[in-house]
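Biologist: I am new to this structure and should like to understand the terms used to describe it. May I ask for the reasoning behind each of them?

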Amino acid sequence: MNTENVIKHLRVLWRTDRIIADIRLRHLLIGLGLRAFAALIAAFGLLMLELSAYFALVQIWSAIAAAAILGAVNFVIAVALFLIAGRAPSGRDIELASEIHDTSIEALQLEARALQAQVSGAVHHPLSTIVPVLLPLIAVIIKTLRTTARTPNDASSAEAQS
């Protein structure tokens, strides 16, 4: 397991999650903006059209029939606007970000499996992981013991000569 690879994969994962969240947030904001615009049109523009249509239809049909026809037309327009606002985001951007996300998840899983293999190898064969560390340590200890053993002899021979 290489910690640099793990960090690299975690950074890629974090960045792709940010990109995916950004794409989804932009889609939601655009949809919200379209819905707000649809509500504004429904509130002001259609009020005037309804008023003029109502006065025109009252001359042809009864007041009840004119109001019912205008209500049905308003529902059709509102449904059309909500269908337009509910469209899915552009597929290519989200597909690419999801693909990179999945690749980084797979790489992290591979690194985790390598770590698990190392840990299980260390548990089954503890000496195989300790020996590479112990050999240089033993060499340093032996050198230190030799130099400390020589130092008192050198000091006693210097006293004898004086």
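Modeller: The following exchange takes the descriptions one by one and sets each value against its cut-off. Please note that this is a predicted model.

Biologist: What is the order of the elements in the protein chain, from the N terminus on?

Modeller: The elements run α-α-α-α. The protein chain has four helices and zero strands.

Biologist: How much of the protein chain counts as buried?

Modeller: Of the 162 residues, 13% count as buried. The accessible surface of the chain comes to about 12600 Å², and carbon and sulfur atoms account for 70% of that surface.

Biologist: What share of the contacts joins residues at least 24 apart in sequence?

Modeller: That share is 77%, counted among contacts between residues at least 6 apart.

Biologist: Why is Thr16 called buried?

Modeller: The relative accessibility of Thr16 is 4%. The term buried applies under 20%, so Thr16 counts as buried. Thr16 belongs to helix H1, which spans residues 3–60.

Biologist: Which residues are in contact with Thr16, leaving aside its neighbours within four places in sequence?

Modeller: They are Ala97, Ile100, His101 and Ser104.

Biologist: What makes Val6 buried?

Modeller: Val6 has a relative accessibility of 18%. The limit is again 20%, and Val6 therefore counts as buried. Val6 also lies in helix H1. Its C-alpha atom is separated by 8.2 Å from that of Ala107, although the two residues are 101 residues apart along the chain.

Biologist: How do you know that Arg26 and Asp22 form a salt bridge?

Modeller: Their closest N and O atoms are 3.4 Å apart. A salt bridge requires such atoms within 4 Å, so the pair qualifies. In general, side chains of opposite charge can pair when their charged atoms come close. By this rule the count comes to one salt bridge.

Biologist: Where do Arg26 and Asp22 lie?

Modeller: Both lie in helix H1, four residues apart, which is about one turn of the helix. Arg26 has a relative accessible area of 45%, and Asp22 has one of 36%. Partly exposed covers values between 20% and 50%, so Arg26 is partly exposed and Asp22 is partly exposed as well.

Biologist: What makes the charged end of Arg18 sit over the ring of Trp14?

Modeller: The charged end of Arg18 is 4.6 Å from the centre of that ring. The distance has to be within 6 Å, and the direction within 35 degrees of the ring normal. The distance of 4.6 Å meets the first condition, and the pair is listed as a charge over a ring.

Biologist: How many aromatic pairs are counted by the rule?

Modeller: The count comes to one aromatic pair. The ring centres of Tyr54 and Phe55 are 6.0 Å apart, and their planes stand at 55 degrees.

Biologist: Why is the pair of Tyr54 and Phe55 called tilted?

Modeller: Centres must lie within 6.5 Å for a pair; planes under 30 degrees apart count as stacked and over 60 as edge-to-face. An angle of 55 degrees fits neither, so the pair is tilted.

Biologist: Is Phe55 buried or exposed?

Modeller: Phe55 has a relative accessible area of 52%. Exposed means over 50%, so Phe55 is exposed. Tyr54, with 28%, is partly exposed. The C-alpha atoms of Tyr54 and Ala65 are separated by 9.5 Å, and Ala65 has its place in helix H2.

Biologist: Which residues make the nonpolar surface patch?

Modeller: Ile60, Trp61, Ile69, Val73 and Ile77 make a patch of about 450 Å². Helix H2, residues 63–85, gives the most to the patch, with three residues.

Biologist: What makes Val73 suitable for such a patch?

Modeller: Val73 lies in helix H2 and has a relative accessible area of 42%. Patch residues need over 30%, so Val73 meets that cut-off.

Terms used:
Residues numbered from 1 in each chain as written. Predicted model: local features only at pLDDT ≥ 70, side-chain atom pairs only at ≥ 80, totals over all residues. Heavy atoms only, no water. Buried < 20%, exposed > 50% of the residue type's maximum accessible area, 1.4 Å probe, protein only. Helix = DSSP H or I, 4+ residues; strand = E, 2+ residues; numbered from the N terminus. Contact = heavy atoms within 4.5 Å. Salt bridge = Lys/Arg side-chain N within 4 Å of Asp/Glu carboxyl O. Patch = residues over 30% accessible without salt bridge, like charges linked within 9 Å, V, L, I, M, F, W, Y side chains within 5 Å. Areas by Shrake-Rupley, 256 points an atom, 1.4 Å probe, with all protein chains shown as cover.
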